[in-house]
Amino acid sequence: MSKIKNIYAREILASGGAPSLEVTVTLESGAIGEASVSYGASAGSKEATVLLDGDKTRYNGKGMLNAISNINNQIKNILVEMEASDQRAIDNKMIETDGTINKAVLGGNAMLGVSLAVARAEASEENLPLYKYLRKVYEIGDIGWKLPKPMIVMIEGGKHADETTDLQEFMVGAMGNKSAAENVRMEMEIYSALKNILKADKLSTNVGNEGAFAPNGIISNEKPIEYLVQAITNAGYVPGVDAGVGIDAAASEFYSEETKKYNLKLEGKELTSEELIAYYKPWIEKYPIATMEDMLSEFDWDNWPKMVEAIGGKFPLIADDLTVTNVNLWQKAIEMKAATAILIKLNQAGTLTETMDCCLLANKNNLITMPSHRGGGETNDTFLVDLAVAVNSAYIKVGPTRGERVCKYNRLMKIEEEINN
Ligand code: PGA
Ligand code: ZN
């Protein structure tokens, strides 16, 4: 056990070429923890605030000097001398000091950076790998190790690329009982098979925000599903047995609150919620789907239970923008039977404790969790992987290429080695 001695933040670059922040926490014992914070491109409206400077003369207003000043002054002042092992008290202290529901004063980005760096410092103090320390500090107990399977974004559109599909992400999720390293290998072989399929169809294999292919000229929102099933087969695996398709529509992005309709530009369709569910229905029947996510808008709560019914228990319906890693919204979704799984994004919540509480609530209800990278500005931090391992998440969702993505899979394979030795 050791007390917090110093907290220091600095501006760094995130994957989108705009700043994020990195925090170093030093304990009285000399133990050090560092963490950095990511942020999204298609963020939900109720996410914790990403506090930006707004000074147009620096990084087009996207600087993080104010958030950094909050860390180096207010947050440091309230947390120095607190026991680093008391993570819940530390997070609560920041939440109280901020005093808003969306962390608008101190900034969710500032609070999260500190929260994660404290956990890393104490894990180091206790000589534990982070995933084991998280189990200990949140009193998870011995639930065995069930490593998350990769859910890899293979084709991206929506807000993550220009002139592509209306739906945001088409993924491949590993199925079956392979090791994490074998799952990663299988996925990358499928990615490579997909590249050949796209080329044969005269589509570009340039990549989007998350390192997935982002070709212009795909003819429909359904076509990527066909490509992925073909890629699984071409790589020598069995669709629905070794790997299935994951879809994240990010439907809030093509929903109009005014008309209450979904605008599928690519196909010239404007659909009501019922019509959109009917549009998805054949996919549920026809394809080896592993998960669906945000198939309806975050402003369309009442129709989510109908989507769960349409899926009929075949696979999980994941809430992302709907629940934004917020335990109250997640509780509401569970009670309404609006979703059967939750996407976990640390920066949506803004502290480690609130994020863990969402995961623990899912586990208590036997519902799956999927910790996820962010599309807009991801960093090389791999905290989400340790978190997924600590709570036995079913999947982690991360892109297939670019350093800030592959480092997550490399961390997962390293953890697997550690656990097996
Ligand atoms: P974002 O999107 O990180 O760009 O918001 C990812 C997602 O919707 O899952
Ligand atoms: Zn999403």
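Begin by selecting Lys408 and Asp381: the side chain of Lys408 reaches the backbone oxygen of Asp381 at 2.9 Å. The model on display is a predicted one. Keep Lys408 selected and add Glu404, whose backbone oxygen is reached by the side chain of Lys408 at 2.8 Å.

Next, display the helix that carries this lysine. Lys408 lies in helix H13, which covers residues 403-420. Is Lys408 buried or exposed? Its relative accessible area is 0%, so Lys408 is buried, the cut-off for that term being under 20%.

To see what surrounds the lysine, select Glu378, Thr379, Asn380, Asp381, Thr382, Leu384, Val385 and Val398. Lys408 touches each of these residues, with those up to four places away in sequence not counted. Asp381 therefore appears twice on this stop: in the list of residues touched by Lys408, and as the owner of a backbone oxygen that the lysine side chain reaches.

Move now to the nonpolar interior. The largest nonpolar core has 128 residues. Select Ile247, Tyr280, Trp283, Met292, Met307 and Leu352, the residues with the most contacts inside this core. Which helix gives the most to this core? Select residues 108-125: helix H3 does, with ten residues. Colouring by domain is useful here, as the core draws at least three residues from each of domain 1 (4-127) and domain 2 (149-420).

Within this core, centre the view on Met307. Leaving aside neighbours within four places in sequence, Met307 is in contact with Ile277, Tyr280, Ile284, Met292, Met295, Leu296 and Leu317. Two of these partners, Tyr280 and Met292, are also listed with Met307 among the residues having the most contacts inside the core.

Another core, of eleven residues, lies apart from the one just visited. To find it, select Val153, Ala212, Leu343 and Tyr395, which are among its members.

The last stop is a sheet. Three strands form an open sheet in the order E1-E2-E3, and their pairing is antiparallel. Select residues 4-13 for strand E1 and 32-36 for strand E3; these are the edge strands, each pairing on one side only. On average, neighbouring strands of the sheet are turned by 15° against each other, direction ignored.

Add strand E2, residues 19-27, which pairs with E3 in the antiparallel sense over five bridges. Along this pair, Glu22 stands opposite Ser36 in E3. Finally, select residues 65-79 to show helix H1, which packs on the sheet and touches E1 and E2. The direction of helix H1 makes about 175° with that of E1.

Terms used: Residues are numbered from 1 along each chain as its sequence is written. Chains are lettered from A and ligands numbered from 1 in the order in which they are written. This is a predicted model: local features need pLDDT of at least 70, side-chain atom pairs count only at pLDDT 80 or more; totals for chains, interfaces and linings use all residues. Side-chain values use heavy atoms; hydrogens and water are left out. Helices (H or I, at least four residues) and strands (E, at least two) are DSSP runs, numbered from the N terminus. Buried means under 20% relative accessible area, exposed over 50%, partly exposed in between (1.4 Å probe, protein chains only). A polar contact is a pair of N or O atoms within 3.5 Å; within protein, one must be able to donate a hydrogen and the other to accept it, and residues adjacent in sequence count only if both atoms are side-chain atoms. Contact means heavy atoms within 4.5 Å. A nonpolar core is a set of buried Ala, Val, Leu, Ile, Met, Phe, Trp, Tyr and Cys residues joined through side-chain atoms within 4.5 Å. Domain bounds come from an automatic or database domain assignment. Two strands pair if DSSP finds at least two bridges between them. Axes are lines fitted to C-alpha atoms, for helices over the stretch in contact, and angles run from 0 to 180 degrees between N-to-C directions.
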